[in-house]
Amino acid sequence: MLVTKADMAAITGRGVQPAGCRIPTWGDNRHSRVGLLGGSFNPAHRWHQAIARRAMLELGLDQVWLMVSPGNPLKAGREMASFATRLATARHLADGRRIVATDLEARLGTRYTVDTLARLKARFPHVRFVWLMGADGLVTLPRWKHWHQLVRQVPVAVFPRPGQNVRALGGLAAQYLARWRVPARQAARLATLSPPAWAFLPGAQNSISATAIRQRGGFDATTDQPITPKSSQFSGERS
């Protein structure tokens with residue numbers, strides 16, 4: 001999906017988060033630990049928010065960036081709300097300080113995670129990034145572009161998803177990464193480790209899914225309550 005002029009107008013206008021939260025396109029020299037939760041956010045929902053909060057607590061992160069993808073290579077052809085709409089749902093769940101919804105990937109001009117990570121590491125050389133994903137993402141990871149290279153760019157934290165955990169932990173990606181798995185009790189070290197390094201963090205699971213939300217007509221991200229469907233609204237490389 002291409003980012004239209006209308007999308008960019010919405011990005012730079014209505015719905016902008018508090019001052020100081022915009023992540024600079026060309027990077028900076030901040031020293032921090034940042035979790036990256038990327039996806040289509042079609043729409044964003046409470047699971048994304050819960051994972052962001054849990055990651056900050058258990059991984060000792062300073063921030064989590066909700067990186068809304070301009071287009072998902074593995075979801076081409078599926079019903080996809082506009083980029084501006086998806087970004088707006090993510091911003092409803094962010095606080096603009098520690099959890100920041102961002103259009104950074106659109107501004108970077110990257111389409112694949114491996115390319116996005118390369119640019120982020122180059123432009124934020126002092127940030128220790130951790131990639132955050134659900135167990136369903138680990139299942140599909142072998143379909144991602146240059147995934148062997150990706151897991152050597154940043155540590156990865158995997159969170160449970162109903163019906164996906166056994167497949168994820170027994171799947172191709174987990175088998176390949178087995179020697180570099182960090183025990184969950186040591187997950188706070190993850191941001192300090194040189195990749196490959198990953199951890200599976202068992203805990204409470206949430207069955208909410210963007211697909212189910214779209215099927216019931218979308219929802220108000222601030223309340224998780226169904227809303228009346230509107231035309232064009234909410235009409236695995238990330239979800």
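**Exercise 1. Helix H3**

Which residues of H3 are buried? Work it out, then say what the tally tells you about H3.

*Solution.* Keep in mind that you're working with a predicted model.
- Step 1: go along the helix and pick out Phe83, Ala84, Arg86, Leu87, Thr89, Ala90, Arg91 and Leu93, the buried residues of H3.
- Step 2: set that list against the helix, which spans residues 83-93; 8 of its 11 residues are buried, so H3 is largely enclosed by the rest of the structure.

**Exercise 2. How far to trust the model**

Find the stretches where pLDDT drops below 50, and decide how to treat them.

*Solution.*
- Step 1: start with the whole chain, where the mean pLDDT is 83 and 74% of residues reach 70 or more.
- Step 2: look at residues 1-17, where pLDDT stays under 50; the model gives this stretch 32 contacts beyond four places in sequence.
- Step 3: do likewise for residues 219-236, which also have pLDDT below 50 and make 44 contacts beyond near neighbours in sequence.
- Step 4: go easy on interpretation here, because predicted coordinates should not be read in detail where pLDDT is low.

**Exercise 3. The chain in numbers**

Put together a quick profile of the protein chain: its secondary structure, its burial and its surface.

*Solution.*
- Step 1: count the elements, and you get 10 helices and 8 strands.
- Step 2: check burial, which covers 52% of the 239 residues.
- Step 3: turn to the outside, where the chain exposes about 10,900 Å², with 52% of that area supplied by carbon and sulfur atoms.

**Exercise 4. Strand pairing**

Trace how S1, S2, S3 and S4 pair, giving one opposite-residue example for each pairing.

*Solution.*
- Step 1: begin with S1 (32-39), where 7 of the 8 residues are buried.
- Step 2: pair S1 with S4, running parallel over 5 bridges; here Leu36 stands opposite Trp131 in S4.
- Step 3: pair S1 with S2, again parallel, this time through 6 bridges; Gly38 faces Met67 in S2.
- Step 4: carry on from S2 to S3, a parallel pairing over 4 bridges, with Val64 opposite Ile99 in S3.
- Step 5: ask which residues of S3 are buried on each side. Ile99 and Ala101 are buried on one side, Val100 and Thr102 on the other, and both faces of the strand are covered.

**Exercise 5. An aromatic pair**

How are the rings of Trp65 and Phe124 arranged, and where do these two residues sit?

*Solution.*
- Step 1: search the whole structure for aromatic pairs; there are 6.
- Step 2: take the Trp65 and Phe124 rings, with centres 5.4 Å apart and planes at 70°; planes over 60 degrees apart count as edge-to-face, so this pair is edge-to-face.
- Step 3: place the partners: Trp65 belongs to strand S2 (residues 63-68), while Phe124 is in the loop between helix H5 (113-123) and strand S4 (127-134). The two are 59 residues apart, and the pair links distant parts of the chain.
- Step 4: check burial. Trp65 has a relative accessible area of 0% and Phe124 has 1%; buried means under 20%, so both qualify.
- Step 5: extend the picture to Phe129, which ring pairs link with Trp65 and Phe124 into a cluster.

**Exercise 6. Charges over rings**

Which arginines lie over the rings of Trp47 and Trp180?

*Solution.*
- Step 1: at Trp47, the charged end of Arg161 sits over the ring, 4.4 Å from its centre.
- Step 2: at Trp180, Arg179 lies over the face, 4.9 Å from the ring centre.

**Exercise 7. Around H5 and Pro24**

Describe what H5 packs against, then look at Trp144 and Pro24.

*Solution.*
- Step 1: list the buried residues of H5: Thr113, Val114, Thr116, Leu117, Leu120 and Arg123. They pack against S1, S2, helix H4 (104-108), S4 and H7.
- Step 2: go to Trp144, in the loop between H6 (135-140) and H7 (147-150). Trp144 is buried at 4% relative accessibility, and its C-alpha is 8.0 Å from that of Thr113, 31 residues away along the chain.
- Step 3: find Pro24 in the loop between H1 (5-12) and S1. Pro24 is partly exposed, at 29%.
- Step 4: collect its contacts beyond four places in sequence: Arg30, Leu104, Arg107 and Phe124. Pro24 and Phe124 are 100 residues apart in sequence, with C-alpha atoms 9.7 Å apart.

Technical notes:
Residues numbered from 1 in each chain as written. Predicted model: local features only at pLDDT ≥ 70, side-chain atom pairs only at ≥ 80, totals over all residues. Heavy atoms only, no water. Buried < 20%, exposed > 50% of the residue type's maximum accessible area, 1.4 Å probe, protein only. Areas by Shrake-Rupley, 256 points an atom, 1.4 Å probe, with all protein chains shown as cover. Phe/Tyr/Trp six-rings, centres within 6.5 Å; stacked < 30°, edge-to-face > 60°. Lys NZ or Arg CZ within 6 Å of the ring centre and 35° of its normal. Pairing = 2+ DSSP bridges. pLDDT = per-residue confidence, 0-100. Contact = heavy atoms within 4.5 Å.
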